Amino acid sequence: QTIKSFYGVDTQYLFDGLLSDLKENKKGFYCLNVQETDLAGHAEDPERYIDRLNVSDLNLGRILALLDEKDILIVMADHGNDPFIGHSKHTREQVPILIYHQGSRPQTFAERDTMADIGATAADFFGTKTTYGTSFLKEII
């Protein structure tokens, strides 16, 4: 078992590290935290915000090309931070969740009660359990 961490803020740097790991490993659990959209929201900088979304969009396509039928990709945020809102505080407590699993049909998932459901789903994927949250793995695969 190998544990790697790529510390940084630059979105492309972090995606490059994730893509490198995906190419090197047949199986793994991967987590990527894009901070620059949050920072752009606090700075009320819509141009930087849009640019970082475009970088993320481009790289998500590269990630999808490396995934196979055993993989699940979950993309989400921990909160919103709208650079157009007129203040620099967090916004939008509800965030979208994008889930990719090769071969799954497109669907809409019900609103989750807690972000802990993501952790419970990941734990279920690996055959273990968490104290908090409800897995929705059966809805994905």
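## Aromatic pairs, core and salt bridges

The count of aromatic pairs comes to 2. One of them joins Phe125 and Phe126 edge-to-face, with 5.0 Å centre to centre and 85° between the planes. The model is a predicted one, and every value here is computed from it.

**The surface patch**

Phe125 and Phe126 also belong to a nonpolar patch on the surface, together with Phe29. The three residues have about 310 Å² of accessible area together. How exposed is each member? Phe29 has 56% relative accessibility, so it counts as exposed, the cut-off being over 50%. Phe125 is partly exposed, with a relative accessible area of 35%. Phe126 is partly exposed as well, at 39%. Phe29 sits in the loop between helix 1 (11-24) and helix 2 (36-42).

**Helix 4**

Helix 4 spans residues 116-125. Which of its residues are buried? Asp117, Ile118, Ala120, Thr121, Ala122 and Ala123 are. Their cover includes strand 1 (73-76), strand 2 (97-100) and helix 5 (137-140). Just after helix 4, Gly127 takes a positive phi of about 75°.

**The nonpolar core**

In soluble globular proteins, nonpolar side chains tend to be buried together. Here the largest nonpolar core has 8 residues: Phe15, Leu18, Leu19, Leu22, Leu60, Ile63, Leu67 and Leu73. Helix 1 and helix 3 (46-64) are the elements that give two or more residues to this core. The largest share, 4 residues, comes from helix 1.

Leu60 is a member of this core. What does Leu60 touch beyond its neighbours within four places in sequence? Its contacts there are Phe15, Leu73 and Val75. Phe15 and Leu73 are core members too.

**Arg52 and the salt-bridge network**

A search of the whole structure finds 7 salt bridges. Among them is the pair Asp10 and Arg52, whose side chains meet at 3.9 Å, N to O. This pair links distant parts of the chain: Asp10 lies in the segment before helix 1, Arg52 in helix 3, and they are 42 residues apart.

Is Arg52 buried or exposed? Arg52 is buried, because its relative accessible area is 11% and the cut-off for buried is under 20%. Its partner Asp10 is partly exposed, at 37%. Setting aside residues up to four places away in sequence, Arg52 touches Asp10, Thr11, Gln12, Glu36 and Thr37.

Glu36 has a salt bridge of its own, with Arg48, at 3.1 Å, N to O. This pair also links distant parts of the chain: Glu36 is in helix 2, Arg48 in helix 3, 12 residues apart. Glu36 is buried, at 7% relative accessibility. Arg48 is partly exposed, with a relative accessible area of 31%.

A further salt bridge joins Asp68 and Lys70, at 3.7 Å, N to O. Asp68 is partly exposed, with a relative accessible area of 22%. Lys70 is exposed, at 53% relative accessibility. Which residues share partners? Salt bridges with common partners join Asp10, Glu36, Arg48, Asp51 and Arg52 into one network.

The table lists three of the salt bridges with their distances.

| Salt bridge | Distance, N to O |
|---|---|
| Asp10 and Arg52 | 3.9 Å |
| Glu36 and Arg48 | 3.1 Å |
| Asp68 and Lys70 | 3.7 Å |

**His42**

Helix 2 also holds His42. At 33% relative accessibility, His42 counts as partly exposed. Leaving aside its neighbours within four places in sequence, His42 contacts Asn81, Ser88 and His90. How far is His42 from Phe109 in space? The two are 30 Å apart, C-alpha to C-alpha, and 67 residues apart in sequence.

**Taken together**

Helix 3 appears in two of these settings. It gives two or more residues to the largest nonpolar core, and Arg52 has its place there. Helix 1 supplies 4 residues of that core. Asp10, in the segment before helix 1, meets Arg52 in a salt bridge. Phe29, in the loop between helix 1 and helix 2, shares a surface patch with Phe125 and Phe126.

Key
Residues are numbered from 1 along each chain as its sequence is written. This is a predicted model: local features need pLDDT of at least 70, side-chain atom pairs count only at pLDDT 80 or more; totals for chains, interfaces and linings use all residues. Side-chain values use heavy atoms; hydrogens and water are left out. Patches are made of residues with over 30% relative accessible area and no salt bridge: like charges are joined within 9 Å, nonpolar side chains (Val, Leu, Ile, Met, Phe, Trp, Tyr) within 5 Å. Accessible areas come from the Shrake-Rupley method with a 1.4 Å probe; for residues, only the protein chains shown count as cover. A salt bridge is a side-chain nitrogen of Lys or Arg within 4 Å of a carboxyl oxygen of Asp or Glu. Buried means under 20% relative accessible area, exposed over 50%, partly exposed in between (1.4 Å probe, protein chains only). A nonpolar core is a set of buried Ala, Val, Leu, Ile, Met, Phe, Trp, Tyr and Cys residues joined through side-chain atoms within 4.5 Å. Contact means heavy atoms within 4.5 Å. Rings of Phe, Tyr and Trp (its six-membered ring) pair if their centres lie within 6.5 Å; planes under 30 degrees apart count as stacked, over 60 as edge-to-face and the rest as tilted.
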